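The following exercises ask the reader to work from a sequence and a set of coordinates to a reasoned description. Each task is followed by a solution in steps.

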Amino acid sequence: QGLSRPQSRAMTVLFSDKAVVRTIDGASYFMFRVCDYRVQHALIQPSVRCYCVRQHPVRGFEMAPMRLQQPDDGLGGALMMSLPALVVHRIDAWSPLAPP
């Protein structure tokens with residue numbers, strides 16, 4: 001059993017073309033979908049992390065982690081990638097996407 005090539009494996013993980021910001025019960029959420037369409041050789045323990053990359057005029061580029069509601073990043077952000085999974089970030093006062 002050989003190891004898979006990361007370049008070809010990256011081609012099987014699909015992200016939605018568009019992300020949305022949706023208001024539910026007065027709170028705003030940033031959402032997108034992710035899926036692995038290679039069913040026979042599914043990823044083992046896939047997880048997701050999201051970062052907001054922004055350019056600061058003095059410090060240059062900054063990466064700010066985004067807390068996830070779904071899958072819960074407090075539990076490791078584990079996904080079931082054989083089905084399309086919804087990734088959800090709540091935009092609140094501590095979110096890097098919150099307006100200044």
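The exercises below concern this structure, which is a predicted model.

**Exercise 1. Overall architecture**

Determine how many helices and strands the protein has, and state the pattern they follow along the sequence.

Solution.
- Step 1. The assignment yields one helix and six strands.
- Step 2. Read along the sequence, these elements give the pattern α-β-β-β-β-β-β.
- Step 3. Of the 100 residues in the protein, 27% are buried.
- Step 4. The exposed area of the protein is about 7900 Å², and carbon and sulfur atoms supply 57% of it.
- Step 5. Among contacts between residues at least 6 apart in sequence, 47% join residues at least 24 apart.

**Exercise 2. The β4-β5 hairpin and its nonpolar patch**

Identify the residues that make the nonpolar surface patch, and describe how the strands that supply them are paired.

Solution.
- Step 1. The patch consists of Tyr 51, Val 53, Phe 61 and Met 63, and its area is about 490 Å².
- Step 2. At least two of the patch residues come from each of β4 (50-56) and β5 (60-66).
- Step 3. These strands, β4 and β5, form a hairpin with three residues between them.
- Step 4. Their pairing is antiparallel and extends over seven bridges.
- Step 5. Two patch residues can be placed within this pairing: Met 63 in β5 is the bridge partner of Val 53.
- Step 6. Phe 61 is also in β5. Its relative accessibility is 64%, and therefore Phe 61 counts as exposed, the cut-off being over 50%.

**Exercise 3. The salt bridge**

Find which side chains meet in a salt bridge, and classify the exposure of both partners.

Solution.
- Step 1. A search of the whole structure returns one salt bridge.
- Step 2. The partners are Glu 62 and Arg 59, with an N to O distance of 2.6 Å.
- Step 3. Arg 59 has a relative accessible area of 58%, so Arg 59 is exposed.
- Step 4. Glu 62 has a relative accessible area of 23%, so Glu 62 is partly exposed.

**Exercise 4. The largest nonpolar core**

List the residues of the largest nonpolar core and the elements that give two or more residues to it.

Solution.
- Step 1. The core has 11 residues: Phe 32, Val 34, Val 48, Cys 50, Cys 52, Met 66, Leu 68, Leu 79, Met 81, Ala 85 and Val 87.
- Step 2. Two or more residues of this core are given by each of β3 (27-36), β4 and β6 (85-91).
- Step 3. Consider Ala 85 as one of the core members. Leaving aside residues up to four places away in sequence, Ala 85 touches Phe 32, Arg 33, Val 34, Leu 79 and Met 80.

**Exercise 5. Two partly exposed residues and their contacts**

For Leu 97 and Val 20, establish the location, the exposure class and the contacts with residues beyond four places in sequence.

Solution for Leu 97.
- Step 1. Leu 97 belongs to the segment after β6.
- Step 2. Its relative accessible area is 33%, so Leu 97 is partly exposed.
- Step 3. Outside a window of four places in sequence, Leu 97 touches Phe 30, Cys 52, Met 66, His 89 and Ile 91.
- Step 4. Leu 97 and Cys 52 are 45 residues apart along the chain, and their C-alpha atoms are separated by 7.5 Å.

Solution for Val 20.
- Step 1. Val 20 is placed in strand β2 (residues 20-24).
- Step 2. Its relative accessible area is 43%, so Val 20 is partly exposed.
- Step 3. With the same sequence window excluded, Val 20 touches Tyr 29, Phe 30 and Met 31.
- Step 4. The C-alpha atoms of Val 20 and Met 31 are separated by 5.3 Å, the two residues being 11 apart along the chain.

**Exercise 6. Backbone exceptions**

Locate the cis peptide bond and the residue other than glycine with a positive phi near 50°.

Solution.
- Step 1. Most residues other than glycine have a negative phi, and most peptide bonds are trans.
- Step 2. The bond joining Gln 70 and Pro 71 is cis, with omega about -10°. Pro 71 is in the loop between β5 and β6.
- Step 3. Asp 25 has the positive phi, near 50°. Asp 25 is found in the loop between β2 and β3.
- Step 4. The relative accessible area of Asp 25 is 82%, so Asp 25 is exposed.

Technical notes: Residues are numbered from 1 along each chain as its sequence is written. This is a predicted model: local features need pLDDT of at least 70, side-chain atom pairs count only at pLDDT 80 or more; totals for chains, interfaces and linings use all residues. Side-chain values use heavy atoms; hydrogens and water are left out. Patches are made of residues with over 30% relative accessible area and no salt bridge: like charges are joined within 9 Å, nonpolar side chains (Val, Leu, Ile, Met, Phe, Trp, Tyr) within 5 Å. Accessible areas come from the Shrake-Rupley method with a 1.4 Å probe; for residues, only the protein chains shown count as cover. A salt bridge is a side-chain nitrogen of Lys or Arg within 4 Å of a carboxyl oxygen of Asp or Glu. Buried means under 20% relative accessible area, exposed over 50%, partly exposed in between (1.4 Å probe, protein chains only). Two strands pair if DSSP finds at least two bridges between them. A nonpolar core is a set of buried Ala, Val, Leu, Ile, Met, Phe, Trp, Tyr and Cys residues joined through side-chain atoms within 4.5 Å. Contact means heavy atoms within 4.5 Å.
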